[in-house]
Amino acid sequence: MDSPNTGNSELIVQVNRRLVLQAIRSLQPTYRAEVSRWTELNPATVTGIVSELLRARLLREVSGDFLAPGPAGGRPPMMLRLNNDARRILAIDLEPEMLRVAIVGLGIDIVEYREEVLDRHSQPNLVFKTLNRLIDEVLSRGRRRAIDGIGVSLPGLIDREKGVLLSSTNMPNWRNVPIREILFRRLGHQAKVERAVHLAAMHEDWIDKSDDNRTKLILSLRTGIGMSFVRRGEVFLGAGGFNGEVGHTVIDLDGAQCECGNRGCLETFVSADAVRNRVEKMFAQGRGQAIAAAVKEGQQLRPELVYRLAKDGDSDSADIVRDVGRYVGLAAANLANLLSPDELIVSGSIDLAEDLILAAIREQIAQRSLPQIREHLTVRLAVAKEKASLLGAAVLATRELFDLPRLTHRRATVSN
Ligand SMILES: [Zn+2]
């Protein structure tokens with residue numbers, strides 16, 4: 001073995017550097033003194049590390065709060081931010097019915113963005129053509145700088161070690177697709193892949209400024225519905241990491257056939273197809289005039305259309321949204337009883353009709369979850385709404401810069 005002492009002091013330097021980065025990430029814009037308090041490192045150590053990070057251009061200084069007087073009434077001290085330009089991450093969110101591609105900086109701010117509606121029954125080859133075009137578009141905009149990493153959000157079941165999409169009930173033609181290998185051949189980077197709902201959870205956790213590490217339950221309502229649970233910065237992955245399939249929990253013993261092979265799954269009540277089925281039923285009853293008119297004008301019959309019309313005051317669309325909200329709320333109430341999280345966060349495009357859907361979810365929770373559990377529960381929308389998984393993919397590709405080495409506890413670090 002080589003000198004364990006050198007190893008230890010290098011480890012401490014590395015841990016302290018990442019602690020400072022973590023603090024600035026959470027608190028930004030922030031002052032050196034704040035970072036020192038948050039990390040429990042002494043001010044001189046923080047100043048040294050910050051200078052090094054400024055030289056490495058991972059941080060930038062911004063003008064401080066002019067209301068806060070500086071020492072001895074002088075100029076206010078400069079504040080610190082992550083330098084968004086320091087990294088260029090290619091983030092990809094493959095949702096069965098929507099493809100999102102972005103260049104995202106170190107501060108997890110989007111620099112370039114493209115999206116395109118997909119047909120979930122398409123063959124992978126066709127989707128990769130669209131993906132290549134969107135990648136070309138985001139890369140060719142602005143400075144043609146190389147990318148530093150790739151993060152990919154995937155639906156369905158994945159092999160995260162190999163970067164393979166194993167299967168997805170919502171994309172029946174996708175079986176064992178080697179996403180990482182395909183992207184590597186094109187871009188020369190090893191992409192990191194994760195399931196969409198876990199990435200939405202990762203993003204919410206990443207931007208959480210509270211220091212008490214609240215437990216969060218994320219419900220992601222997209223083409224299907226998924227669930228993730230984050231506690232103290234760790235996404236719960238279960239055995240094999242296939243968990244979160246709340247869409248395939250059975251809520252009706254004799255219900256409709258689900259694409260997973262089972263009957264009466266939650267997904268048969270709340271998926272994009274379930275929304276379309278409700279609309280078709282309305283059409284058959286001579287209702288849903290506003291939706292029919294929009295479709296006639298060439299708009300696609302997607303949940304987003306129904307949400308938008310509901311928000312604009314169409315009562316038939318609002319009925320559909322409330323009904324979807326009731327079932328999502330039923331699942332939410334059950335999950336709250338099981339896990340008792342501090343926060344229930346709903347992500348997806350539902351922000352278009354957030355008042356209606358959140359009201360329906362809150363109503364179910366009020367009726368069906370235990371009062372003691374409800375009392376501690378906050379229900380809200382994900383900050384990044386429909387882009388939560390896309391930004392989570394960027395977090396995944398950026399995270400190694402910030403991650404503390406395993407077996408190291410924050411309180412156990414030594415400042416020098
Ligand atoms: Zn199912």
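In which helix does aspartate 316 lie? Select that residue in this predicted model, and you will find that aspartate 316 belongs to helix H11, where the tour will return after a view of the whole chain.

Begin by colouring the chain by domain: domain 1 covers 4-82, domain 2 is made of 86-200 together with 392-400, and domain 3 covers 209-382. If you mark the centres of domain 1 and domain 2, taken over C-alpha atoms, you will have two points that 33 Å separate.

Next, select the open sheet of 5 strands, whose order is S13-S12-S11-S14-S15 and whose pairing is mixed. Its edge strands are S13 (234-235) and S15 (378-381), each of which pairs on one side only. Moving inward from S13, select strand S12 (residues 225-231), which runs antiparallel to S13 and is joined to it by 2 bridges; here valine 230 stands opposite valine 235 of S13. Now add helix H6 (residues 196-206), which lies across S11 (216-221), S12, S13 and S14 (343-348), and which runs at about 130° to S11.

From the sheet, turn to helix H11 (residues 315-339), whose 25 residues reach 35 Å from the first C-alpha to the last, close to the 36 Å expected at 1.5 Å a residue. Just after H11, select serine 340, which takes a positive phi of about 40°.

With H11 still displayed, show the largest nonpolar core, which has 91 residues and in which Ala91, Leu219, Val306 and Ala332 have the most contacts. Helix H11 gives the most to this core, contributing 11 residues. Because domain 2 and domain 3 both give residues to this core, it lies between them. To look at one of its members, select leucine 219, which, leaving aside neighbours within four places in sequence, is in contact with Ile225, Met227, Val328, Ala332, Leu344 and Val346. Elsewhere, a second, separate core of 16 residues can be shown, and Val35, Leu59, Met79 and Leu106 are among them.

Finally, go back to aspartate 316: is this residue buried or exposed? Aspartate 316 is buried, because 20 other C-beta atoms lie within 10 Å. Its contacts, again leaving aside neighbours within four places in sequence, are Met282, Arg287, Gly288, Ala290 and Ile291. Select arginine 287 from this list to end the tour: although aspartate 316 and arginine 287 are 29 residues apart along the chain, their C-alpha atoms are separated by 7.1 Å.

Conventions
Residues are numbered from 1 along each chain as its sequence is written. This is a predicted model: local features need pLDDT of at least 70, side-chain atom pairs count only at pLDDT 80 or more; totals for chains, interfaces and linings use all residues. Domain bounds come from an automatic or database domain assignment. Two strands pair if DSSP finds at least two bridges between them. Helices (H or I, at least four residues) and strands (E, at least two) are DSSP runs, numbered from the N terminus. Two residues are in contact if their C-beta atoms, placed from the backbone, lie within 7 Å. Axes are lines fitted to C-alpha atoms, for helices over the stretch in contact, and angles run from 0 to 180 degrees between N-to-C directions. The expected span of a helix is 1.5 Å times one less than its number of residues. A nonpolar core is a set of buried Ala, Val, Leu, Ile, Met, Phe, Trp, Tyr and Cys residues joined through C-beta atoms within 7 Å. A residue is buried if 20 or more other C-beta atoms lie within 10 Å of its own, exposed if 12 or fewer, and partly exposed in between; C-beta atoms are placed from the backbone.
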